[in-house]
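Student: I have a new structure open and want to learn how to read it. Can we go through some features one by one?

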Amino acid sequence: MADLVSQIQNVELQFRERLILKDFSLVLKPNTVHVLMGPSGCGKSTVLRLFAGLLRANSGTIQLPEKSVSMVFQEPRLLPWLSVRENILLPLKLKSGKAGSPEKASAPWLQAVNLADSADLFPHQLSGGMKMRAAIARAMITSPQLLLLDEPFAALDEIQRANLQKLLLEIQTRDQLTILFVTHSLVEACQIADELHLMDGKHGKIRETLVRPEGQINFAQLLAAWSEEYKQVMQVQSAAEAIA
Amino acid sequence: MRKLLPFASPLSILAMLIVWQVSANLHWINATLVPSPLQIAQTVLEQRAEFAQAASETCRAVAISFALASSLGLILALSLSTSEFLERAFLPIAIFFQTVPIIAIAPLLVIYFGFGLPTVIAAATIVGIFPVIASALVALNNTPPIQLELFAFYRATPLQILWHLRLPAAYLGVYSGLRIAAGLTVIGTVAGEFVAGGGLGALIDSARTQQRIDVVFGCLFLLALIGLSLIFLLTLANRLVQKWRPLLQAL
């Protein structure tokens, strides 16, 4: 258990007639950023929802972390009638019925995501990036061991995305988090991933896991190396699909 | 032009009254059939005690009926939203009350509740309750699935989901239903008063038999005033709520 936080083993998931995952396995190591990539509809978000407990597998085993799991969705999903502070405190309120001392509980996270000055604003008064920062703070307030993120920065511009990636990595390093991050962007994967899992479009199997090389490697080198691997995996998949 | 926006309604009413008065003065309209606004105002002033008594009775009936229609409507909508079985079982009954004209049910209500206020309240509540149930039910059943998924992720209880998500998310629907109910409650009250007596409805009925068209028009003005006041109060309450919480922002 020491070298893994959570894992899915030999999972099969069928929705109506459609087989989404077949014999799927994924091990999440502690203090590691795992990135999941693959073609649209291959089951990336399904994997996330299995770890989140929002879906039940038809067969196989899912081992969840000892401490809590938290999730950041594609949309910030803030409640418009709650202030930023109240939105961040929502998980605690739902867990215990009340949020304890709101100031005390929310202050560190408002600070961490640079929203201390906007704590009393409502979501419609925030930019897209600020909303997503609030969503990250809301996910982190329960001190999770595993953080799941489903293409959280897809709708943001490059600058906001880069800022949020940096913020996420700072939080991950500070809190020794395990992250499972779904994205369509190889550039984003190269920015944050310790391990990049490439899924194919057929029953969402992991075809390849690319591990960030030890030691100094710059972004351009990593992007070039992983791009090559990524292309190869996708070509293999295309050929397999053509034969099928 | 934007600065004039708050005055748009009073100005349009004033313009209509001026055109009406001028038309009456110039004998473009038959004063026996359509008395002028000044003539109506004079009648109301002359018989102010009678009008005040009738208006206060109608106001009381409207207030009680609206309170009943709103609260019972919301409670019913909440109950029906908890179970599809309940919704399917009871919605046709609610629709029945909506589609059968109140004037056809009112004589029955007189038999059940007798003449006077209880029958008027029953008639107005029956008319006013349906839009509250229908709007609130649609709104409660249309909570965005992505927010429901968020609450499912946090393992929220059904009561927490209702209190923290479904009710606030349904605010717009509930508010729309209440606005429609406000107007309908006034209609239901007058219909009830026609058969059960009392209030402006009974005054209209007796004026009709005496061919006192000026009295009928005076009653109509007062009824419009009661309806508008109720909608104004609702608008004001909505503004206060919106100042406190931006409940009308899209989820």
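Student: Let me start with one residue. Is A:Y230 buried, partly exposed or exposed?

Tutor: First, remember that this is a predicted model. Buried means under 20% relative accessible area, and exposed means over 50%. A:Y230 has a relative accessible area of 21%, so A:Y230 counts as partly exposed.

Student: Where does A:Y230 lie?

Tutor: A:Y230 is part of helix α7 of chain A. That helix covers residues 219-243 and has the lowest mean pLDDT among the elements of chain A, 75. Strand β7 of chain A, residues 178-182, has the highest, 96. You can also follow A:Y230 across space. A:Y230 and A:D194 are 36 residues apart along the chain, and their C-alpha atoms are 15 Å apart.

Student: What confidence do the chains and the complex get overall?

Tutor: Read pLDDT as the predictor's confidence in each residue. Chain A averages 87, with 92% of its residues scoring at least 70. For chain B the mean is 92, and 99% of the residues reach 70 or more. Within chain B, helix α3 (residues 48-82) has the highest mean of its elements, 96, and helix α4 (residues 84-99) the lowest, 84. For the complex, the predictor gives an ipTM of 0.87 and a pTM of 0.84.

Student: Next, sheets. How do strands hold on to each other?

Tutor: Strands of a sheet pair through backbone hydrogen bonds, in a parallel or an antiparallel way. Here, chain A has an open sheet of three strands, in the order β2-β1-β4, with antiparallel pairing. Its edge strands are β2 (18-28) and β4 (59-63) of chain A, each paired on one side only. From one strand to the next, the twist averages 20 degrees.

Student: How many bridges link β1 and β2 of chain A?

Tutor: Seven bridges join strand β1 (residues 6-15) of chain A to β2(A), in the antiparallel sense. For one facing pair, find A:Q14: it stands opposite A:L19 in β2(A).

Student: What should I know about salt bridges?

Tutor: Side chains of opposite charge can pair when their charged atoms come close. The count over all chains is 13 salt bridges. One of them joins the side chains of A:R49 and B:E149, at 2.7 Å from N to O. This pair crosses between chains, from helix α1 (residues 44-52) of chain A to helix α7 (residues 145-153) of chain B.

Student: Are A:R49 and B:E149 buried or exposed?

Tutor: A:R49 has a relative accessible area of 14%, so it is buried. B:E149 is at 19%, so B:E149 counts as buried too.

Student: Which other salt bridges can I look up?

Tutor: Try A:E75 with A:R77, whose closest N and O atoms are 2.7 Å apart. A:E75 is partly exposed at 30%, whereas A:R77 is buried at 6%. Then take A:R207 and A:D200, which meet at 2.9 Å, N to O. A:R207 is partly exposed at 37%, while A:D200 is buried at 6%. Salt bridges can also share partners. In this way A:R49, A:E75, A:R77, A:D150 and B:E149 are joined into one network.

Student: Which residues make a nonpolar surface patch on chain B?

Tutor: The patch covers about 1000 Å², and its residues include B:M1, B:L4, B:F7, B:L11 and B:W28. Take B:F7, in the segment before α1 (8-25) of chain B. Its relative accessible area is 48%, so B:F7 is partly exposed.

Methods
Residues are numbered from 1 along each chain as its sequence is written. Chains are lettered from A and ligands numbered from 1 in the order in which they are written. This is a predicted model: local features need pLDDT of at least 70, side-chain atom pairs count only at pLDDT 80 or more; totals for chains, interfaces and linings use all residues. Side-chain values use heavy atoms; hydrogens and water are left out. Patches are made of residues with over 30% relative accessible area and no salt bridge: like charges are joined within 9 Å, nonpolar side chains (Val, Leu, Ile, Met, Phe, Trp, Tyr) within 5 Å. Accessible areas come from the Shrake-Rupley method with a 1.4 Å probe; for residues, only the protein chains shown count as cover. A salt bridge is a side-chain nitrogen of Lys or Arg within 4 Å of a carboxyl oxygen of Asp or Glu. Helices (H or I, at least four residues) and strands (E, at least two) are DSSP runs, numbered from the N terminus. Buried means under 20% relative accessible area, exposed over 50%, partly exposed in between (1.4 Å probe, protein chains only). pLDDT is the predictor's confidence in each residue, from 0 to 100. Two strands pair if DSSP finds at least two bridges between them. Axes are lines fitted to C-alpha atoms, for helices over the stretch in contact, and angles run from 0 to 180 degrees between N-to-C directions.
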